[in-house]
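Good morning, and thank you for joining this session. I would ask you to have the model open while I go through its helices, its charged pairs and its surface.

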Amino acid sequence: MSKESKLILHEGIIASKILIIRNEKVILDFHLAELYKVETRILKQAVRRNIERFPDDFMFELTEKEIEDMVSQNVIPSKKYFGGAFPFAFTENGVAMLSSVLKSNSALEVNIAIMRTFTKLRKLLNTHQDILKKFEQIDSKLSMHDDQFLLIFEYLKQFEEVKQQQSEQQNRRKIGYRNSDE
């Protein structure tokens with residue numbers, strides 16, 4: 001397998017680990033541990049030793065309800081999967097900060113790949129937003145045209161009614177006194 005295809009495969013795996021929780025794109029600690037090829041407890045331990053580097057906008061701990069939602073969405077098999085611990089969710093900035101906490105060369109490579117994946121997803125989302133705006137513009141034009149077509153059809157209907165009335169008026173039998181030549 002070429003280096004490029006490995007990179008694409010790697011980015012695909014990373015992208016599948018990115019979740020949206022609290023309106024933030026995050027990667028959970030056990031997914032990061034899997035990517036870094038370390039145990040989750042070791043990753044959490046390194047983070048706890050350097051907790052001042054991880055403010056709330058870099059990392060947060062999931063709530064009981066968020067864990068239940070993840071189980072119901074099949075992100076994780078069950079709450080037992082965590083062994084009673086609440087997972088950490090790392091934002092893009094939190095993942096970047098992990099590179100200063102996890103110092104191995106492989107961790108650095110994985111971190112670079114994760115950051116590139118976040119960047120590509122952001123670009124993709126921006127492109128998606130542009131396309132969505134274009135569709136909204138087209139939709140508004142079409143709805144305006146729909147209104148104009150309805151108006152035209154209403155005028156045609158009224159015109160047809162007037163023509164029908166005129167035709168009935170001309171073809172009706174005249175009443176009143178008749179001359180013998182009629």
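Let me begin with a pair inside one helix: Asp-69 and Lys-65 both belong to helix H4 and stand 4 residues apart, about one turn of the helix. Helices here are DSSP runs of H or I with at least four residues, strands are runs of E with at least two, and both are numbered from the N terminus. The side chains of Asp-69 and Lys-65 meet in a salt bridge, at 3.3 Å from N to O; the term requires a side-chain nitrogen of Lys or Arg within 4 Å of a carboxyl oxygen of Asp or Glu. Asp-69 is partly exposed at 30% relative accessibility, while Lys-65 is exposed at 54%. For these classes, buried means under 20% relative accessible area, exposed means over 50%, and partly exposed lies in between, with a 1.4 Å probe and protein chains only.

A word on the basis of these values. This is a predicted model, in which local features need pLDDT of at least 70 and side-chain atom pairs count only at pLDDT 80 or more, whereas totals for chains, interfaces and linings use all residues. Residues are numbered from 1 along each chain as its sequence is written, and side-chain values use heavy atoms, with hydrogens and water left out.

Let us stay with helix H4, residues 64–72. Which residues of H4 are buried? They are Glu-66, Ile-67 and Met-70. These three cover an arc of only 100° around the axis, taken from the directions from the helix axis to the C-beta atoms, and therefore lie on the same side of H4. On the other side of H4, Lys-65 and Ser-72 are exposed. The cover over the buried residues of H4 includes strand S1 (19–21), strand S2 (24–28) and strand S3 (59–61), where contact means heavy atoms within 4.5 Å.

Glu-66 also has a charged partner: its side chain meets that of Arg-22 in a salt bridge of 2.6 Å, N to O. Because Glu-66 lies in helix H4 and Arg-22 in the loop between S1 and S2, the pair ties together parts that are 44 residues apart in sequence. Glu-66 counts as buried at 14% relative accessibility, and Arg-22 as partly exposed at 43%.

The next pair is Lys-44 and Asp-29, which form a salt bridge with their closest N and O atoms 3.3 Å apart. Lys-44 lies in helix H3 (residues 40–49) and Asp-29 in helix H2 (residues 29–36), so this pair ties together parts 15 residues apart in sequence. Lys-44 is buried at 8% relative accessibility, and Asp-29 is buried at 2%. By the rule given earlier, the count comes to 5 salt bridges.

Turning to the whole chain, there are 6 helices and 4 strands, running α-β-β-α-α-β-α-β-α-α from the N terminus on. Of the 182 residues, 26% are buried. Among contacts with a separation of 6 or more, 67% join residues 24 or more positions apart.

Finally, the surface. The accessible surface of the chain comes to about 13700 Å², of which 55% belongs to carbon and sulfur atoms; areas come from the Shrake-Rupley method with a 1.4 Å probe, and for residues only the protein chains shown count as cover. Ile-131, Phe-135, Ile-138 and Leu-142 make a nonpolar surface patch of about 400 Å². Such a patch is made of residues with over 30% relative accessible area and no salt bridge, nonpolar side chains (Val, Leu, Ile, Met, Phe, Trp, Tyr) being joined within 5 Å and like charges within 9 Å. Phe-135 is found in helix H6 (residues 105–171) and is exposed at 54% relative accessible area.
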